[in-house]
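Student: Could you take me through one part of this model in close detail? I'd like to start at one edge of the sheet and work across from there.

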Amino acid sequence: MLLEIRKLRKEYRRGDAGFLAVNDVDISVGENDFIFITGRSGSGKSTLLNLIAGLARPSSGKIVFDGRDIGGANEKELAFLRNSQIGYIPQGHGILFNFTVLDNVLLPFYFYSREGDPKKRALSLLEQTGIPHLVGSYPDQLSGGELRRVSIARSLINSPCLLIADEPTGDLDPQTTNDILRMFERISAEGVTIILVTHEVDTVSCGNRHLIMEEGFIREADCFQRYP
Ligand SMILES: Nc1ncnc2c1ncn2[C@@H]1O[C@H](COP(=O)(O)OP(=O)(O)OP(=O)(O)O)[C@@H](O)[C@H]1O
Ligand SMILES: [Mg+2]
């Protein structure tokens, strides 16, 4: 298993009371999995992804990634893991507005400081996400959907083995949504494990597993049904 999640909990406080945004979540993710997680707004999807990406700390439970319990990792180790092995597409886009599109895509490469010239790969990813013509533009000249596609290209620059995508097609039109999902299918076929969150059930048109999140709990969908 690439990722083992056991009895995972995340407690938040609201006023005087605590509540579990993620509640006793158990998931085993294999290397060939392409998983869709659906659930209503506020059900804990983003919180769960943030825990897996090491952006938030669990209240209790275990996350074992590639044989390593990341609960015990320090911030520096988590950042290294995120930049080297995990591609993360945050809800929204997380694009930095004072950098060009190209530099935004290259950013994780510089954090990870690998050898070589990543520019060719960045251009190829922008090609695959359908926005090669925007390479030199600044983000304030881009539409919401274009920013989303920059974020997708950026998540793939370091060739991650796990791709975590939080509503990656949230504000895209049906045709572009379809293009992006086909791209994820190709990435999955190349051996990248994918966990994709969406609250639009009709985007579950690919993948091999469908999990449903409800008030912090998660369960496998009764039958895996793809939408055409
Ligand atoms: N930092 C925080 N502090 C307190 N409560 C939080 C925090 N982050 C999220 N929550 C709460 O935890 C619950 C789960 O939030 P989360 O963002 O994980 O939901 P979601 O399923 O991703 O929703 P959406 O589909 O709207 O993105 C919500 O009730 C939210 O208000
Ligand atoms: Mg969310």
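Tutor: Let's start with β6, which is covered on both faces: Ile86 and Tyr88 on one side, and Gly87 and Ile89 on the other, are all buried. Keep in mind as we go that this is a predicted model. β6 (86-89) is an edge strand of the sheet, and so is β10 (217-220); each of them pairs on one side only. The whole sheet is open, has six strands with mixed pairing, and reads β6-β7-β8-β3-β9-β10 in order. From one strand to the next, the twist averages 20°.

Now step inward from β6. Its partner is β7: the two run parallel and are joined by four bridges. If you want a pair to click on, take Tyr88, whose bridge partner in β7 is Ile164. Ile164 is worth a second look, since the largest nonpolar core has 50 residues, and Ile164, Val105 and Ala153 are the ones that touch the most other members. Take Ala153 as an example: leaving out residues up to four places away in sequence, Ala153 touches Val105, Ala122, Leu125, Leu126 and Thr129. As background, nonpolar side chains tend to be buried together in soluble globular proteins.

Carry on to the middle of the sheet, where β3 sits between β8 and β9 in the strand order. On one side, β3 and β8 pair in the parallel sense over five bridges, and Thr38 stands opposite Thr198 in β8. On the other side, β3 (residues 34-39) and β9 (residues 209-214) are also parallel, again over five bridges. Here you can pick out Ile37, with Leu211 as its bridge partner in β9, and Gly39, which stands opposite Met213 in β9.

Two helices lie over these strands. Helix α6 (residues 174-189) crosses β3, β7 and β8, and runs at about 155° to β8. Helix α1 lies across β3, β7 (162-166), β8 (193-198) and β9, and its angle to β7 is about 155°.

α1 also brings us to the ligand. Helix α1 (residues 45-52) gives the most to the shell around ligand 1, with three residues. Gly39, the residue you just met opposite Met213, is in that shell too, along with Tyr12, Ala21, Ser41, Gly42, Ser43, Gly44, Lys45, Ser46, Thr47, Gln91 and His199. Sorted by class, the shell has nine polar, two nonpolar and one charged residues.

Beyond β9 there's a backbone oddity to check. Glu215, in the loop between β9 and β10, has a positive phi of about 45° even though it isn't a glycine. Glu215 has 13 other C-beta atoms within 10 Å, so it counts as partly exposed. Asp24 is a similar case: it isn't a glycine either, and its phi is positive at about 50°. Asp24, though, lies in strand β2 (residues 17-29), and it is partly exposed because it has 14 C-beta neighbours inside 10 Å.

Finally, go past the other edge strand to Cys223, in the segment after β10. Is Cys223 buried or exposed? With 6 other C-beta atoms within 10 Å, Cys223 is exposed, because the cut-off for that is 12 or fewer. Measure to Arg9 on your screen and you should get 26 Å, C-alpha to C-alpha, for two residues that are 214 apart in sequence.

Technical notes: Residues numbered from 1 in each chain as written. Chains lettered and ligands numbered in written order. Predicted model: local features only at pLDDT ≥ 70, side-chain atom pairs only at ≥ 80, totals over all residues. Near = placed C-beta within 6 Å. Nonpolar A, V, L, I, M, F, W, Y, C, P; charged D, E, K, R; others polar. Core = buried A, V, L, I, M, F, W, Y, C linked by C-beta atoms within 7 Å. Buried ≥ 20, exposed ≤ 12 C-beta atoms within 10 Å, placed from the backbone. Contact = placed C-beta atoms within 7 Å. Pairing = 2+ DSSP bridges. Axes fitted to C-alpha atoms, helices over the stretch in contact; angles between N-to-C directions.
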